[in-house]
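User: Could you teach me how to read strands and helices in a model like this one? I'd like the general idea, then the case at hand.

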Amino acid sequence: MNPNRISRIKNNVQDRNSKAWLKLCSYVEELAKSGGSVFDPREALGDELYLQIQELPESIGQLKQVRQIELYGSKLVRIPPEIGQMEALEEIDLYTSYDLKWLPFEISHCKNLKKSRISTRALYGNIKNRKGFPRLDHNPVRYQGEKLHCSVCAQEISYETSYQMWISINVATDVMPLLVMLCSKECELKLPQGAEYHIAEAHRGGADLKQKPA
């Protein structure tokens, strides 16, 4: 596959009526009640159901005690912003989850997150092949439901009153491309600088975006 080809953002990727999804949601609820420290859906669901999961439920925000996320070899396409509520998170393994091209900016709110493992070649803007960023103006990300929150100030916003940008920053032990939901220019100005060897400012993506050579 040509790494320079820019794929479209995929929305509504998960069948939320499937056995796999319902079992995953039950697992999250049980783990939240038990206070377990490891989130490992492959172990809980088994290989067959695990490989039907393309996104995680918003309820992962309840997993306040989880320190470790195991998602090796997943078919994930996206992770919801609620991951930023996992305040005890220290380690996340997303290695060989090749369909995962970006993460939500909210993962940067996990201040205890120190260790990560991810297949960087699959990520937008990575230094190995500079995979192109989809343009967000006409192909925005749509999360579940109509209400969302600004990634910077957490103010409740709607899709009509917000806009989206990309930024690549250091998260734990990797540089990750993050999607930012913004309510205002003021919040945009509060974003950090992009990581070294990556685009310095937040941007909207698109085929005309100039990236540094791979």
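User: Which side chains of strand β5 (residues 115-118) are buried, and which are not?

Analyst: In general, side chains in a regular strand alternate between the two faces of the sheet. Here, Ser 116 and Ile 118 point to one face of β5 and are buried, while Lys 115 and Arg 117 point to the other and are not. Buried means under 20% relative accessible area, exposed over 50%, and partly exposed in between (1.4 Å probe, protein chains only). This is a predicted model, where local features need pLDDT of at least 70, side-chain atom pairs count only at pLDDT 80 or more, and totals for chains, interfaces and linings use all residues. Residues are numbered from 1 along each chain as its sequence is written, and side-chain values use heavy atoms, leaving out hydrogens and water.

User: How many bridges join strand β3 (residues 91-94) to β5?

Analyst: Four, and the two strands run parallel; Asp 93 stands opposite Arg 117. Strands pair if DSSP finds at least two bridges between them; strands (E, at least two residues) and helices (H or I, at least four) are DSSP runs, numbered from the N terminus.

User: Now helix α1 (residues 19-34): which of its residues are buried?

Analyst: An α-helix has 3.6 residues a turn, so residues three or four places apart point the same way. In α1 the buried residues are Ala 20, Trp 21, Leu 24, Tyr 27, Val 28 and Leu 31. They cover an arc of only 120 degrees around the axis (taken from the directions from the axis to the C-beta atoms), which puts them on the same side of α1. The face turned away carries the exposed Lys 19, Glu 30 and Lys 33.

User: What follows α1?

Analyst: Gly 35, whose phi is positive, near 75 degrees.
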